[in-house]
Amino acid sequence: MKIGFGYTRTCNFRCEFCYSKNVSGNWDKQDAVKVIADAVEHHGSVEVNWGTGENVLAPGFVEVLREVHAMGVPQDLTTNGSVVLREEALKYLDELDVSIDYPDPDSHNRARGHPKAFEWATRAVKYAARELGIQATVTMVGMRGNLSYETGRRMVELARSLDAAALRLNLYFFTRPDRFVPTPAQVGDFLKGLRDAGAGLYGTSDPAVAKLLGVEPEGYLGSVRLLPEKRISPSTYLTSDEWAVPIQLPDFYRNFVQTHVYRRFEEVYKRTFPRQSADRVAVLGYDPYYVDGEVEAVPLRRASGRSFIHLGYLPTTIFSV
Ligand code: SF4
């Protein structure tokens, strides 16, 4: 069971495209530990990836990491890289995903709204990978502004230069269709850039990316997202009331599997992705998550030899570099 855990919405950046804008709140550490302990007791195999806000800024978060680490649960943290090196947090993490959206400092700093964003992020990847031996990835949000052939090539080169284990792509996902949503052609060009730079594919759970790669999406049914305001959803991106429902404590796991919530998750792909969305077409003129048969697939060689906590988590694609 892959638990994506949004411990807090707190963040020291104000990225325009932030997909956590419409969530709020913080967990308290006792409840967070209880939920994970309950999942471990009833499910056995649990992996946690922490994200949503900049979690190390939230009170009690590092203590939660320590307690979850003591349970033997593998943990991964997605971070903007700004403060994580100051924290004890790195001692308890198995993987670190650092957000870098552009291969050059100016574009990344502009997108993230901070003049040191690129410097901090690249330093975090290098330090985790070289000094601590933590498996670190360069993690990018794929948007209309940054997906191109050239960016594909250069992101692979950047990840290699930092000794990152992989490049992770989260395709920008509509909460409402808007100016950040990429076109399928852009995603295809980006994949060609990756291919020509020698990248391979560890796997994808994103149906649009899978279609463009000519593969089947994998994983995803065992992944859930706990949001800071104590709701549960199938994905970071599905935060509307239609998808995210309140978490019941205690007995999180029993309540989760015994209610209709669990079955709703299995319907995500049927209900959301394979159908063309009239809303998306009306606003954008196309539906980036409905890729029809005319799009040219860009196959990548299969990569192997590493496992990733985020692999199979909806929606993630991981490339070797
Ligand atoms: S760093 Fe992440 S959580 Fe913070 S504002 Fe940017 S996208 Fe949102």
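**A tour from Val-138 outward**

Select Val-138 to begin: beyond its neighbours within four places in sequence, Val-138 is in contact with Val-98, Ile-100, Val-125, Met-155, Leu-158, Ala-159, Leu-162, Ala-164 and Leu-167. The model on screen is predicted.

Next, select Ala-164, Leu-167 and Phe-319 together with Val-138; within the largest nonpolar core, which has 82 residues, these four touch the most other members. Add helix 4, residues 117-132, which supplies six residues, the largest share of this core. In soluble globular proteins, nonpolar side chains tend to be buried together.

For an overall view, display the whole chain as a cartoon. The protein has 321 residues, of which 50% count as buried, and its secondary structure comprises eleven helices and eleven strands. Of the contacts between residues at least 6 apart in sequence, 75% join residues at least 24 apart.

Now select the strands. Eleven of them form an open sheet with mixed pairing, and the order to follow across it is 7-11-6-5-4-3-2-1-8-9-10. At the edges are strand 7 (200-204) and strand 10 (245-246), each of which pairs on one side only.

Stay at strand 7 and add strand 11, residues 317-320: the two pair in the antiparallel sense over four bridges. Which residue of strand 11 is the bridge partner of Gly-200? The partner is Ser-320.

Two helices that pack on the sheet come next. Helix 2 (residues 61-70) touches strand 1 (2-8), strand 2 (47-52) and strand 3 (75-79), and its direction makes about 155° with that of strand 3. Helix 4 touches strand 3, strand 4 (95-99) and strand 5 (135-142); here the direction of the helix makes about 165° with that of strand 4.

Turn to the ligand and select the residues around it: Cys-11, Phe-13, Arg-14, Cys-15, Cys-18, Ser-20, Gly-53, Glu-54 and Asn-80. Coloured by class, this shell divides into four nonpolar, three polar and two charged residues.

The last stop is Arg-301, in the loop between helix 11 (278-284) and strand 11. Is Arg-301 buried or exposed? Arg-301 counts as exposed because it has 10 C-beta neighbours inside 10 Å, and the cut-off for exposed is 12 or fewer. Finally, add Arg-195 to the selection: Arg-301 and Arg-195 are 106 residues apart in sequence, while their C-alpha atoms are 8.2 Å apart in space.

Note on methods. Residues are numbered from 1 along each chain as its sequence is written. This is a predicted model: local features need pLDDT of at least 70, side-chain atom pairs count only at pLDDT 80 or more; totals for chains, interfaces and linings use all residues. A nonpolar core is a set of buried Ala, Val, Leu, Ile, Met, Phe, Trp, Tyr and Cys residues joined through C-beta atoms within 7 Å. A residue is buried if 20 or more other C-beta atoms lie within 10 Å of its own, exposed if 12 or fewer, and partly exposed in between; C-beta atoms are placed from the backbone. Two residues are in contact if their C-beta atoms, placed from the backbone, lie within 7 Å. Two strands pair if DSSP finds at least two bridges between them. Axes are lines fitted to C-alpha atoms, for helices over the stretch in contact, and angles run from 0 to 180 degrees between N-to-C directions. A residue is near a molecule or strand if its C-beta atom, placed from the backbone, lies within 6 Å of it. Ala, Val, Leu, Ile, Met, Phe, Trp, Tyr, Cys and Pro count as nonpolar, Asp, Glu, Lys and Arg as charged, and the others, Gly among them, as polar.
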